[in-house]
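Colleague: I'm new to this one and could use a guided tour. Could you walk me through how to read it?

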Amino acid sequence: MRLYVEAMDAVVVEVDPDGRVRLENEDWSTPTLQERRAIIYAAQQEMTALSELLDILQS
């Protein structure tokens, strides 16, 4: 996985089942509430963009 989180200026590369994340070039950490919200927002935006891409390509 590679998810750019603009608010953090970071790239999430892994997430474990316990909610810890590994950012590019960093070790595992538990994100703060603000970081979690930023990651969730970035993921939702990416899902919307990918959904639109699929709609365009499948029509």
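Colleague: Let me start with one residue: is Asn25 buried or exposed?

Modeller: First, some ground rules: this is a predicted model, where local features need pLDDT of at least 70, side-chain atom pairs count only at pLDDT 80 or more, and totals for chains, interfaces and linings use all residues. Residues are numbered from 1 along each chain as its sequence is written, and side-chain values use heavy atoms, with hydrogens and water left out. Now the terms: buried means under 20% relative accessible area, exposed over 50%, and partly exposed in between, with a 1.4 Å probe and protein chains only. Asn25 has a relative accessible area of 75%, so Asn25 is exposed.

Colleague: Where does Asn25 sit, then?

Modeller: For that you need the elements: helices (H or I, at least four residues) and strands (E, at least two) are DSSP runs, numbered from the N terminus. Asn25 is in the loop between S3 and strand S4 (28-29).

Colleague: What about its backbone: what is phi of Asn25 near?

Modeller: As a general idea, most residues other than glycine have a negative phi. Asn25 goes the other way, with a positive phi near 65°. Asp9, also not a glycine, has a positive phi of about 50°. Asp9 lies in the loop between S1 and S2, and with a relative accessible area of 60% Asp9 is exposed.

Colleague: Let's zoom out. In what order do the elements of the protein chain run?

Modeller: From the N terminus on, you read β-β-β-β-α, which gives four strands and one helix. The radius of gyration is 13 Å, well over the 10 Å of the globule rule for 59 residues, so the chain is more spread out than a compact globule. That radius is taken over C-alpha atoms, and the rule is 2.2 Å times the number of residues to the power 0.38. Along its principal axes, the C-alpha trace spans about 40 × 20 × 20 Å.

Colleague: How many of the 59 residues, in percent, count as buried?

Modeller: The share is 22%.

Colleague: And which residues make up the largest nonpolar core?

Modeller: In soluble globular proteins, nonpolar side chains tend to be buried together. Here a nonpolar core is a set of buried Ala, Val, Leu, Ile, Met, Phe, Trp, Tyr and Cys residues joined through side-chain atoms within 4.5 Å. The largest has nine residues: Leu3, Val5, Ala10, Val12, Val21, Leu23, Ala38, Ile39 and Ala42. Strand S1 (3-5), strand S2 (10-15), strand S3 (21-23) and H1 each give two or more residues to this core, and H1 gives the most, with three.

Colleague: Pick one core residue for me. Which residues does Val5 touch, beyond those up to four places away in sequence?

Modeller: Contact means heavy atoms within 4.5 Å. On that basis Val5 touches Ala10, Val12, Ala38, Ile39 and Ala42. Val5 belongs to strand S1 and is buried, with a relative accessible area of 1%. Ala38, leaving aside neighbours within four places, is in contact with Val5, Ala7 and Met8.

Colleague: How do I spot residues distant in sequence that meet in space?

Modeller: Compare the two separations. Val5 and Tyr41 are 36 residues apart along the chain, yet their C-alpha atoms are separated by 8.4 Å. Glu46 and Leu3 are 43 residues apart in sequence and 8.2 Å apart in space, C-alpha to C-alpha.

Colleague: Where is Glu46 placed?

Modeller: Glu46 is in helix H1 (residues 33-58). With a relative accessible area of 39%, Glu46 is partly exposed.
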